[in-house]
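Q: I'm new to this structure and would like to get to know one spot properly. Could you pick a single residue, show me where it sits, and then walk me outward from there to whatever lies around it?

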Amino acid sequence: MKLYYAPGACSLAAHIAFEEIGIPVELERVDLETGQTALGEKFASINPKGYVPALVLHDGTLVTENIAVLDWIADEYPVLGLAGPLGRTRLIETLAYLSTEVHKSFKPLFAGKYDEEMARARVLVARRLELLAERTQGPYLFGVHVSVADCYLFVMLLWSKRFGIAIPPALLVLLGSMVARPAVQRAMGQEGLRVPLAEGSLQKRAEVA
Ligand SMILES: N[C@@H](CCC(=O)N[C@@H](CS)C(=O)NCC(=O)O)C(=O)O
């Protein structure tokens with residue numbers, strides 16, 4: 001299997017998920033500016049959509065879109081899924097919210113063109129994080145077990161820190177729990193990213209807040 005990724009992009013969610021499961025996945029970096037992969041291929045010839053994540057399965061089948069990639073991982077490796085009669089539905093519901101409401105709301109911040117649009121985006125993301133915080137069962141979204149949805153939310157929280165968006169206390173706890181996971185540290189290290197804060201310090205900050 002091969003995961004096409006860009007450092008710190010939303011593809012980090014699938015990367016973390018694979019590290020959590022502990023199965024070997026080939027990683028190939030994509031330069032989103034030039035559209036070239038690290039091996040010098042045109043990324044559009046692999047994924048015509050031109051964006052990451054792009055996952056190539058063992059048989060060469062391509063899977064794109066965070067929701068589909070993360071759902072595929074959870075289906076294949078249920079340890080990162082959600083058990084119970086409505087488990088799959090609740091997981092997809094959360095992945096869809098993260099993708100279409102939270103992730104999408106960051107767009108103006110990455111575009112960085114208009115201050116007013118960026119300010120509106122900050123407010124919108126913060127509001128959407130609040131809703132997730134209210135529903136978070138702690139320490140992860142669905143309780144004590146980490147799922148692919150936590151991997152995706154984690155990336156959204158890293159972006160929130162980067163753009164100065166206030167993270168609600170319940171999600172600071174989640175962020176701290178994720179940062180402390182060796183799989184998260186490995187994935188971030190492999191992408192050349194700095195792990196935000198030392199283990200446990202985010203939880204402590206949330207406790208005193
Ligand atoms: N709908 C896609 C969006 C993925 C996406 O926005 N990827 C960004 C990185 S986080 C990207 O590759 N952007 C480059 C581009 O769109 O050209 C998904 O959910 O997988």
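A: Let's go with Glu65, which is found in the loop between S5 and H3. Keep in mind as you look that this is a predicted model.

Start with the backbone. Glu65 has a phi near 80°, which is a positive value in a residue other than glycine. Is Glu65 buried or exposed? Somewhere in the middle: with a relative accessible area of 31%, Glu65 counts as partly exposed.

Now for its side chain. Side chains of opposite charge can pair when their charged atoms come close. Glu65 has a partner of this kind in Lys49, and the closest N and O atoms of their salt bridge are 3.0 Å apart. Lys49 lies in the loop between helix H2 (43–46) and strand S4 (54–56), while Glu65 lies between strand S5 (62–64) and helix H3 (66–76), so the pair ties together parts that are 16 residues apart in sequence. Lys49 is partly exposed too, at 43% relative accessibility.

The Glu65 side chain also reaches the ligand: one of its polar atoms lies 2.6 Å from a ligand nitrogen. Which other residues are around the ligand? Among them are Ala9, Cys10, Leu32, Gly50, Tyr51, Val52 and Pro53, and further along the chain you'll find Asn66, Ser99, His103 and Trp159. Two of these are worth clicking on. In Asn66, a polar backbone atom is 2.8 Å from an oxygen atom of the ligand. In Val52, a polar backbone atom is 2.9 Å from a nitrogen atom of the ligand.

Stay on Val52 for a moment. The peptide bond that joins Val52 to Pro53 is cis, with omega about 5°. Pro53 is in the loop between H2 and S4. There's another cis bond elsewhere, from Gly138 to Pro139, where omega is near -5°. Pro139 is placed in the loop between helix H6 (115–135) and H7.

Next, the empty space. Rolling a probe the size of a water molecule over the atoms shows where empty space is left. The largest pocket in this model has a volume of about 670 Å³. It is lined by 22 residues, and the closest to its centre are Cys10, Val52, His103, Lys107 and Trp159. You've already met Cys10, Val52, His103 and Trp159 among the residues around the ligand. Which helices help to build the lining? H3, H4, helix H5 (107–111) and helix H7 (148–162) each supply at least two residues, and H4 gives the most, with four. As for the chemistry, the lining divides into twelve nonpolar, six polar and four charged residues.

H4 has a salt bridge within it as well. Arg90 and Glu93 meet there through their side chains, at 3.0 Å from N to O. They both lie in helix H4 (residues 87–105), three residues apart, or about one turn. An α-helix has 3.6 residues a turn, so residues three or four places apart point the same way. Both are partly exposed: Arg90 has a relative accessible area of 37%, and Glu93 one of 44%.

How many salt bridges are there in the whole structure? The search finds nine. One of them joins Glu19 and Arg186, whose side chains meet at 2.6 Å, N to O. This pair links distant parts of the chain, with Glu19 in helix H1 (residues 12–21) and Arg186 in helix H9 (residues 182–190), 167 residues apart. Glu19 is buried, at 16% relative accessibility, whereas Arg186 is partly exposed, at 40%.

A buried Glu19 fits its surroundings. Nine of the ten residues of H1 are buried, so this helix is largely enclosed by the rest of the structure. The buried ones include Leu12, Ile16, Phe18 and Ile21. Just after H1, Gly22 takes a positive phi of about 85°.

One last stop: Lys2, Glu26 and Glu28 are linked in a network of salt bridges. Glu28 also has a 2.5 Å polar contact, side chain to side chain, with Thr37. Thr37 belongs to strand S3 (residues 36–37) and is buried, with a relative accessible area of 5%.

Methods
Residues numbered from 1 in each chain as written. Predicted model: local features only at pLDDT ≥ 70, side-chain atom pairs only at ≥ 80, totals over all residues. Heavy atoms only, no water. Salt bridge = Lys/Arg side-chain N within 4 Å of Asp/Glu carboxyl O. Buried < 20%, exposed > 50% of the residue type's maximum accessible area, 1.4 Å probe, protein only. 1 Å grid on protein atoms, 1.4 Å probe; cavity = no way out; pocket = protein on both sides within 12 Å on 5 of 7 lines; lining within 4 Å. Points joined across faces, edges and corners; volume = space filled by probe spheres on them. Nonpolar A, V, L, I, M, F, W, Y, C, P; charged D, E, K, R; others polar. Near = heavy atom within 4 Å. Polar contact = N/O pair within 3.5 Å; in protein donor to acceptor, adjacent residues only side chain to side chain.
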